[in-house]
Amino acid sequence: MNLIRNIGIIAHIDAGKTTTTERVLFYTGKSYKIGDIDEGTTQMDWMEQEKERGITIMSAATTTFWTPTNVGAVPQEEHRINIIDTPGHVDFTAEVERSLRVLDGGITVLDAEEGVQSQSETVWHQADKYKVPRICFANKMDKLGADFFATVADIREKLGAHPVILALPIGAESSFKGVVLLLEQKALIWKSDETGAEYDVTDVPADMTDEVKKYRGQLIEQISEHDDKLLAKFLEGEEPTVEELKKALRKATLAYKLVPTFCGSSLRNKGVQPLLDAVVDYLPSPVDVPDIVGFDPKTKEELTRPNDKKAPFSALAFKVQTDPHVGRLTYIRVYSGTLPAGSYALNSTKGKKERVGRLLLMHANTREEISQAYAGEIVAVVGLKDTTTGDTLCDEQNPIILEGISFTEPVISLAIEPKTKADQEKMGLALNRLADEDPTFTIKSDPETGQTIISGMGELHLEILVDRMKREFKVEANTGRPQVAYKETITATAEAEGKYIRQSGGRGQYGHCFIRVEPKDRGEGYEFVSEVTGGAIPREFIPAVEKGVKEAMANGVIAGFPLVDVKAAVYDGTFHDVDSSEVAFKIAGSIALQAAIKQASPVLLEPIMKIEVSTPEQFMGEVIGDLSSKRGQVLGTKKRGQVLLITALVPLAEMSQYATILRSMTQGRASFYMEPSHYEVVPDNIAQGIIQKQKPDAAKPTEQKT
């Protein structure tokens, strides 16, 4: 197990994640030709939509092998590296979230000219949440304006990390030709851009000796600070050996204290081999990761599973994918024990027994069959029927539930309808399959118009899902204009009663309850509590009241949007010995909640986006003026190289067609990046317009063809 590395490549859109992964596959002998994004020949971006757009949509997993080239912190043996290449576009943030949940280490790729961009910050904090040790790679050193030291300063300031420089660039921009490894004091110089498989190992260039001495001194000091033995040596003026330094750096990296930082140019095939050595040297194996903690499904007490193939089996399903050749694939990370193909496992999250058909090792979209999966491995399983993202699979005799994966709420919706009657049935099937794969994609039916509404993380997200329906499931559909996913909440506390009594000869229906609602802080979600004492409502009817409350939360009282951040408490009620039933209490709960919400000063909430515009300085005034006219709040501006970065918070409702507006305003020279930030109360005058629109006669979307 100590020879396995489970790593992910995470970064901002266009920093070079897929290009770096393609080089890794080439140098490790997994592929015989270097994949090129522009030519659509990459191994990891295998979907048609990915090839056309040149972006990663699905995180792709692959397994490859590498033997370190230098004596390091670990034995010079062949190591197995499981790599997940994740998307950089914020619309596919779920892919990054679920990958980070099951990975042991990460490589953060940064654009040496742009530095730390906003999505890099987002994924960095996602990795912090799951305590994933990582190394940084300043890519694109050959790009105009590339600045390695400014990028390192960015890592320190924006990410709050402690980077340690292990490689210095030789030259920059068009003169970039190699790197100096500080610990080994060797220069690696690549002769040509052809494949980059061969390079010369030489002494440090004469004009860099002072610089190398300075940064090597800093490096030894930084590493020694985290190791008492080395610190004692350092203070006595004795230099530790390279091996001692590497071992101490590995320990500090695993404890999230230091971040080894490298540089190179993946596109020009320079600097990737030292990065592979660093993956093996400094990133954790499954043995270095703390034992996984979960809880017992029955007693709810905390349980621990050791990283050992002899321990009881436990695994987390982190991704579901529909494969045209083998059907439904479930990707799992095995945390303990062994899983043989053809056996049975318990899905403890849903309490169902699942048959494990075949086990596959994945390489993007090609596969290799294996007979067993062991602790520390990432494999795909064929044959699981009920397992979805975030479910735990475990040994039937030793049940455990591991911590699941939380995803952000969708922020944009649109109406979708099949073009023909024949597409009707196929559309339902296709949408359910896609929702199975993607937890941030939701489907619901509008009760007033009968339309199917799909929701996702952004326009691109929904556009690609509709395109996949057409290509993979052969479903033709019309879509409406994208609608913003508004929510409703309350700002005051209120109480109300709900009574449901029906007499129709024979047995009647009787349900009666009192409910109090209170506002919660933004983002805290929904909570239901029972404060009923003395059996005013029998215990078996409380879940029915909760069900009624939950159903009523789906449609708010202002404009029918879902209610969020509300605490509902049932505190009193009455019942009838014969006539009371679950259905009656469910309806009473629903009536009480709606009545209470109306009295609790309800308000509309809208999604606010964080936007980062990168523009030449001469257009700064126009861009800021335009953002202000969109109810935007400018947070700050920063100059980097030739461009100015403007950060602002703007309501999503105002951002329709922004790409076109920005291009025309800046002669096509500015670009922007947007990600969900939080929800905020909609100003009164705008809320009135939204409520008017939501009336059924005005609710139908204008159709446009996909």
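This passage walks through a few helices and one sheet of a predicted model.

Helix 3, spanning residues 93-102, is a good place to start. This helix is mostly covered, with 10 of its 10 residues buried. Charged side chains are on that list too: the buried residues include Glu 95, Glu 97, Arg 98 and Arg 101, alongside Val 96, Leu 100 and Val 102.

Next comes a helix pair. Two packed helices are described by the angle between their axes and the distance between the axes. For helix 6 (residues 209-224) and helix 8 (residues 242-254), the angle is about 55 degrees and the axes are 9 Å apart. The two helices are therefore oblique to each other, and their crossing is left-handed. Helix 6 brings Arg 216, Ile 220 and Ile 223 to the contact, while helix 8 supplies Val 242, Leu 245, Ala 248 and Leu 249. Sorted by type, these contact residues come out as 6 nonpolar, no polar and 1 charged.

Further along the chain sits an open sheet of 4 strands, ordered 31-32-34-33 and mixed in its pairing. Strand 31 (494-502) and strand 33 (527-530) form the edges, each pairing on one side only. On average, neighbouring strands of the sheet are turned by 25 degrees against each other, ignoring direction. Strand 32 (residues 509-519) pairs with strand 34 (residues 566-574) in the antiparallel sense, over 8 bridges, and Phe 514 stands opposite Asp 572 in strand 34.

Helix 12 (residues 542-553) packs on this sheet, touching strand 32, strand 33 and strand 34, and its direction makes about 155 degrees with that of strand 33. Helix 13 (residues 582-599) lies across strand 31, strand 32 and strand 34, running at about 35 degrees to strand 32.

Note on methods: Residues are numbered from 1 along each chain as its sequence is written. This is a predicted model: local features need pLDDT of at least 70, side-chain atom pairs count only at pLDDT 80 or more; totals for chains, interfaces and linings use all residues. Side-chain values use heavy atoms; hydrogens and water are left out. Buried means under 20% relative accessible area, exposed over 50%, partly exposed in between (1.4 Å probe, protein chains only). Axes are lines fitted to C-alpha atoms, for helices over the stretch in contact, and angles run from 0 to 180 degrees between N-to-C directions. Angles under 35 degrees count as roughly parallel, over 145 as roughly antiparallel, 65 to 115 as roughly perpendicular and the rest as oblique. A crossing is left-handed if the near helix is turned anticlockwise from the far one by less than a right angle, and right-handed if clockwise. Contact means heavy atoms within 4.5 Å. Two strands pair if DSSP finds at least two bridges between them.
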